Amino acid sequence: MIKDIVDQYGIKQIGYYVQSIEETAAQLREALGAGPFIDLGISEPASCEFRGEQIAIRSRCALGQLGGMQLELIESHTEGMDPYQEMGRFGIHHFCIWADDVDAVVEQCKAEGIEPAMTMVSGQGLKVVYLDAREQLGQYIEVNAPIEQLAGAVAAVHAKWEGDESVIGMDVLMKMMGR
């Protein structure tokens, strides 16, 4: 079942729950040549339902690239439980697939016993669902609509990157993109 979804949509991103974006980005740069990671800052979604309850979630994310794969580093800044802290460990948290019909993928997974842990709508209106596949994979599956422009920008920064910095801010990204 999970194989069928991956075959159909592909994996667009691997997400890591980390204690420190800076430390993890430096480790991934040194060990694998990943980066630079673009710090998107701390954000709070417009809405977030976690395990059937509305919660106030805060997280800091940074996006980077390793070859053709996008990597996401996530720090939790939530008071109380959230889907990051629920893992009980730092490391791989999810892989992400893109689907034009997020709800259809969620229903496919629910039919196979993989339930949503979190449904969130970002401040920009992007619906993101974490499906709890910890029993099957030891991690979550993230599903959201395609975000090709952002992914393209992350890949373009990686292609121009000279390997100096592990984490860059949005101001540096804008300069690199000629804006």
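Ile38 stands opposite Leu63 in strand β5, and this pair of residues is a convenient entry point to a model that is predicted. Because the model is predicted, local features need pLDDT of at least 70 and side-chain atom pairs count only at pLDDT 80 or more, while totals for chains, interfaces and linings use all residues. Residues are numbered from 1 along each chain as its sequence is written, and side-chain values use heavy atoms, with hydrogens and water left out.

**Strand β5 and its partners**

Helices (H or I, at least four residues) and strands (E, at least two) are DSSP runs numbered from the N terminus, and two strands pair if DSSP finds at least two bridges between them. On this basis, strand β2 (residues 37-43) pairs with β5 in the antiparallel sense over five bridges, whereas β5 and strand β6 (residues 69-76) run antiparallel and are joined by eight bridges. Leu63 also stands opposite Glu72 in β6. Two residues lie between the strands in the hairpin of β5 and β6, where Gly67 takes a positive phi near 60°. Seven of the eight residues of β5 (residues 59-66) are buried, so this strand is largely enclosed by the rest of the structure; buried means under 20% relative accessible area, exposed over 50%, and partly exposed in between (1.4 Å probe, protein chains only).

**Nonpolar cores**

A nonpolar core is a set of buried Ala, Val, Leu, Ile, Met, Phe, Trp, Tyr and Cys residues joined through side-chain atoms within 4.5 Å. The largest such core has 15 residues, and those with the most contacts inside it are Ile97, Val105, Leu131, Ile141 and Val143. At least two residues of this core come from each of α1 (2-9), β7 (91-98), α3 (102-111), β9 (127-133) and β10 (139-144), and α3 gives the most, with four residues. Leu131 touches, among others, Val106, Cys109, Ile114, Pro116 and Tyr140, not counting residues up to four places away in sequence, where contact means heavy atoms within 4.5 Å. A second, separate core of 14 residues includes Tyr17, Ile57, Met118 and Met120.

**Cysteines**

A disulfide is a pair of cysteine sulfur atoms within 2.5 Å, and a search of the whole structure finds zero of them. Two cysteines are set out below.

| Cysteine | Nearest cysteine sulfur | Relative accessibility |
|---|---|---|
| Cys48, in no disulfide | Cys61, 12 Å away | 1%, buried |
| Cys96, in no disulfide | Cys61, 12 Å away | 2%, buried |
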